[in-house]
Every structure is written in structure tokens, then in C-alpha cells.
Amino acid sequence: MSLSEVTVEQLLQLLPGLDELEVLRLRLIAAAVPDPERQWDSSLAYSTVDKRILTLEDVERSLRQSQEELEQYIALLHAGLRDVSRSFFSGNAEEAALHLVALGERHEAAGRARGARSCYDAALRLSLPLGDKRPQILALRRLGRVSLALADFAEATAYYERSAQLARDVEDVHAQIIARTGVGNVLMYQGRWLDAEAAYVATLELVEAAEGRMVLERGQLFNNLANLNYRLGRMPEAEGWLTRALEIWDAVSSPVDHAICLANLGHLRLQQARLDEARTAYEAALALPVPPSSKALTAADLAELCLLEGHVSEAEKLARVAEEHAIAAGSPYTLGYMYRNRGNLAKAHGAEDGFTFYEKALQIAREKGYASLEADTLLDYAELRRRTGGVEEAHAYLERARDLFRDLGEVESLARAEKAVKELSGELPVAAAAD
Amino acid sequence: MTHTFRRAGQVFVLALAALAAGCTDAGGPTAAAPGASLGRVATQSTETELMAPASELYKLARFRTKPQVTIAWAKKWIGPEGGRLDFLGFAIEVPAGAVDKVTMFTIRLPVDPKGSEHVVAEFGPHNQQFRVPVAIELPFTNTTLEGSPTLPTIVWWNDAWVDMGATLTADGRRLRTSTPHFSTYGTADTGRGGSIQVSGG
């Protein structure tokens, strides 16, 4: 008997557990998202991603796309290793290490964070015995960046701090500033705003001591200080840092930093209820030539703004744009973030298909070990579970989220989770509460 | 959801019972607020206007299940010893010493179909500076802020919505803040939950 369609669950069971098939798995999951006509129905038939269906055409299209991506990747990998080998055979190990770093950067740009980490690890091993410490300082810094992308906060901090220490030892102030900015960035993702502020302010003092040089790094610190002042609710200070940052991005070309600045400006304007200006800022950020992962996050922010304005269909459209960028980035982490965001959108307007998106986010987070994403998603998902009568499930989700936040050191989120657990405990059936 | 709505209804009944006992009064003529139009609030016999324009109400949180409001204001005389006025999930808590003579405190809600979707109320008396800040509470459960990934807050109207900050009450059902004077207050999302994107490193 032939089948016209099968479930995602059935299809994924067909695939051998090879890393090389990761792109295909992502493509299949993405193809299983329902069409726009049905996407926002609250039908329980769509309540879990495993039960979504795919046709043979969907599968063949996914196979074709993943094969193309894999072929491009293999070509990139071998071209990069050719450069590494040539430098090594010519006796230039420093250059070979830098080629390995460059190969890692190309992996990162394609959303292959774990592949990037392997390349940086190889660069670090090669650079350890070298007298020239620059490749080692760079490899450590890149390991810090990619560990942050993978939400391995402790590792990211250790790499950045080692890089900064080594840079200080060889009196490379520029490298020290970049690594110390990285330390602050990790603290930001952990929600340790005041610690991040201390790190950024200390780093800015190093930049100011350089007297007019390192304008790019100064602008990046202005961006980050604006961001954290906004998170702390100090809006006038955030405005001041953003103004200073924008002056730099008008003069210095760095589309990624400019886009980050505009996204932060959008957050601030949204908080000030200056919605038109928030929209303008987000749209300007999206118009800049930045990596898909950055576009995905900003498109998701703009989608939330649309929802706030009551423009539900535009919000849905933007959420799908965000998802496409996340898939283009090839980053499971960004994709998981998108699904969590779409779960929140669905929850906000009362659609029960929020279940589907949260389940997808959790599936990715758990398979890939993204503890931060898992915890954030559980926290959001618990409310939907509670609202639909699943008080015990919601309580279990919150407890798991709380444990994860504690391990991660995310102070603010931990406090939110603890408070939510406490509140929900009062709604538990007596037997469950006594356990 | 239904449970919450029923609870809101009970509060309303209790409020009416309190009226009969003379603790809290509803209705009675009051002067229309002098501010710009146009979300309308009702008294028993007249309609007056919220100080915030109706065009700005969409920025506020909404009730998931809209309370069925027919009498949309309550008052209570409170003196220097302090006291509390509760009305449909909104509340005023006056500490001792906040006023130096018996003063009429009021809570007014919008009754028009659009305005009453939102978590907003006008607190009175206007044009009076309290000697000690007075606490106000607004509903949190059964509103769109419940479960929001960002921080909820209380805002007041001062030609724009101004974030006052808020904490959850001990029972987790309401948002609470304190203020030295009264105006129109609503609840909103702080919006401080946008994506975190960092530069450099």
C-alpha cells in the first residue's frame, strides 16, 4: 500500500544517526510546518511536531536542498584544509593556524557552530607551542565566541579570559580589549547585568587610554552599554549610549554592529511606546547586509511589535520570515529560538498551536544540548500548559527550568522561575503538592 | 479562565454589598476629568472621560475575559488612619498619615466596549499630593500580561504612558506600585524582552 503522506516522527526514524544528515533533519522539520492557511488554527491535530505530516514531494525537495548544502560545505571544508596543509608544509605553522581559524569562521558564518569549534580547537593545538602568541590569542577568542553561541557560558568565559590574559602578557591592548568585551558579552547572556557593566566599563577605560584609536571597539562597547542600561531599565542612560554609538556607525562601516545598535534602539523605542520609531529602527536593521542569524532575531522582534499593534497577520508573516532566516543561517540554536518566539506569539493571541512551536524548540534544545534555550522555552511553555489545565506538567516544566537556570548562572531568569514554581505550587492537586 | 472570571464576578457582588453597608459608594455625580478625550468611564448617571486618549489605550494590557461592568466606579471615604478600597481587582491602599482629613478615594473603569477591554482605571482624588505615597493595585491574572516573557509594569498617563515599575502582590494576582498623586493608570508590558544581540568579542 503506497502512502501519500507520513509523519515527521516516522520519517526521522528512517534516518541513520549520522551527523552528516543533520541538515536534512532540519530541512524535514522545517518542511513540516503547516501552510499559512492552517498555521494559526488552534486545532489539536497540530499539537505536536511529531504528528505533522510530509508528502513525498516535501521529502524530495528537502533531500535536494540538504544535498546541495552538504556539497557546498564539503567543498568549503576541503578548500580550507588545502590552505592549512600548504602553509604547514612550507614551515609556517602560524599561518596554518590562522587558516584553521579562518575555516572556523566560515563554519560559523554558515551556522555550523560545532564544526567551527572543532576548527578553532585544531588551531589552538597547533598554536600552543608557537613563540608568536597571536594565533593562540585569536583561537582562544574565537573559541569563546563560538562557545557563547552554543550557550556554553562557563567555557566561553574561560576562553575569553585566557585570551585576555595572554594578550596582556604580550602587551597587545587591542586583543585584550576584544577579549574583555567578550567576557562582558557572556555575562549579558547570563543576565548578569551589573557584572557585565563592570566588565564593559573597565574595557572602555582601556579603549579611552588608547586615545582615539580603536573606534570600532569603542562603538561596540557603546552598543553593549546601551543594551545593558536598557535591560536595567535606565532608559536615559541607554539613550545616551545609543546616540554615541549611532554617531560612530554613521562614520565607520560595520553593518553587523550598526544593525545591533538599531535593534537596541528599536527595543528602547518600543519600551517608550514610540512604536512608529521602533518599527523604523527594526526595519532599518533588517535592511542592512547582516548574517541571517541577526536578521532572524530582528525579524522576530518586529513580529512582536506587530502583535502589540494588533497587526496579527503581519506578525505571522514576519515570524515566518524570521524562521526562513534562521533556517538559512543553518543554526539549530537560532531556529530553536525562533520556534520559542513563535510559541510566544501563538500563546499571546490565545492559539493553542503554541504547543507545536514550543515542542519544536524543546526538541532542538534537548538534542543539541542548548540548556539556556531549553530553560527559557520551558518557562514560557509552562504558562500555556497551566492555562490549558496541565498544572502538574507546568509545575514540572518550571522545576526543570529552575534547575537549568541555576546551573547556567542566569540570575534574573532563576528568580523568575523560582517565583513561578512557588506560585504554581498553590494550584497543584493535594497529592501532587505533597510529593 | 472561567474560574478567574467567576472570581471577578464575586468581587463585584461583594463591592455592591459593601456599597449597601455604606463602606464603599458607587455612582454619584462627579465632574468630568479635564484631560483629553476619550476612553469613557461611567458613573451611575453620567459618563465622564479617562484622562488618556482612547487612541493610546491599545498599548495597555487587555483582559483575557472582559469583566461585565455595569456600574464602573466606586468610592470610599478614608481618613488619616488609612484604609483600603477594592473594586473589581483594582485597589487603593492608603497608609496612615497619607491624608490629613477624611477624603473621598475613587476608582473608575471604562465602560465603552473598546476601553473596557483594557486594564486601565482612573484613580481619584485628582490634584492632591499625598503626604505618604499611596499604593495602587491593578489586575494581573486574567490579563494578557500573565505568562508574558517580558516584565509587566504599571504605567500612568502624562501625555504618554510612563513606566512606574511594579511588583506582584503576595497572592500573585495583581500588580502593585505606590504613587504620591493620582491619575489614570494601566498595566503594560515593559517590552524589555527583545532579543539580546551583542557587539564585538
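**Contacts between chains A and B and selected features of each chain**

In the predicted model, 36 residues of chain A are in contact with 19 residues of chain B. On the side of chain A that touches chain B, two or more residues are given by each of helix 7 (134–149), helix 9 (173–189), helix 11 (215–231), helix 13, helix 15, helix 17 (332–348) and helix 19 (371–387) of chain A. Of these elements, helix 11 of chain A gives the most to that side, with 7 residues. When the side of chain A that touches chain B is divided by class, 12 residues are nonpolar, 14 are polar and 10 are charged. For the complex, the predictor gives an ipTM of 0.79 and a pTM of 0.66.

Helix 7 of chain A, one of the elements on the side that touches chain B, has 16 residues, for which a span of 22 Å should follow at 1.5 Å a residue; its end C-alpha atoms are 23 Å apart, which agrees. Because 15 of the 16 residues of helix 7 of chain A are buried, this helix is largely enclosed by the rest of the structure. Just after helix 7 of chain A, a positive phi of about 65 degrees is taken by Ala151(A).

Helix 14 of chain A (residues 275–287) is made up of 13 residues and reaches 18 Å from its first C-alpha to its last, close to the 18 Å expected at 1.5 Å a residue. The buried residues of helix 14 of chain A are Ala278(A), Ala281(A), Tyr282(A), Ala285(A) and Leu286(A). Viewed down the axis of helix 14 of chain A, these buried residues fall within an arc of 135 degrees, and they therefore line one face of the helix. Such an arrangement can be set beside the geometry of an α-helix, which has 3.6 residues a turn, so that residues three or four places apart point the same way. The buried residues of helix 14 of chain A pack against helix 13 (255–271) and helix 15 (292–308) of chain A, and both helix 13 and helix 15 of chain A also appear among the elements that give two or more residues to the side touching chain B. On the face of helix 14 of chain A turned away from its buried side, the exposed residues are Asp276(A) and Ala287(A).

Elsewhere in chain A, Val59(A) is found in helix 4 (residues 56–89). Val59(A) is classed as partly exposed because 18 other C-beta atoms lie within 10 Å. Residues up to four places away in sequence not being counted, Val59(A) touches Leu11(A), Leu28(A) and Leu54(A). Val59(A) and Val6(A) are 53 residues apart in sequence, and their C-alpha atoms are 9.9 Å apart in space.

Chain B contains 1 helix and 13 strands, and from the N terminus on the helix is followed by the strands. Of the 201 residues in chain B, 41% are buried. Among contacts in chain B between residues at least 6 apart in sequence, 64% join residues at least 24 apart.

Confidence varies along chain B, which averages a pLDDT of 72, with 69% of the residues scoring at least 70. Among the elements of chain B, the lowest mean pLDDT (25) belongs to helix 1 (residues 2–21) and the highest (97) to strand 5 (residues 90–94). Over residues 1–48 of chain B, pLDDT stays under 50, and for these residues the model has 88 contacts beyond four places in sequence.

Note on methods. Residues numbered from 1 in each chain as written. Chains lettered and ligands numbered in written order. Predicted model: local features only at pLDDT ≥ 70, side-chain atom pairs only at ≥ 80, totals over all residues. Helix = DSSP H or I, 4+ residues; strand = E, 2+ residues; numbered from the N terminus. Buried ≥ 20, exposed ≤ 12 C-beta atoms within 10 Å, placed from the backbone. Contact = placed C-beta atoms within 7 Å. Expected span 1.5 Å × (residues − 1). Arc of directions from axis to C-beta. Nonpolar A, V, L, I, M, F, W, Y, C, P; charged D, E, K, R; others polar. pLDDT = per-residue confidence, 0-100.
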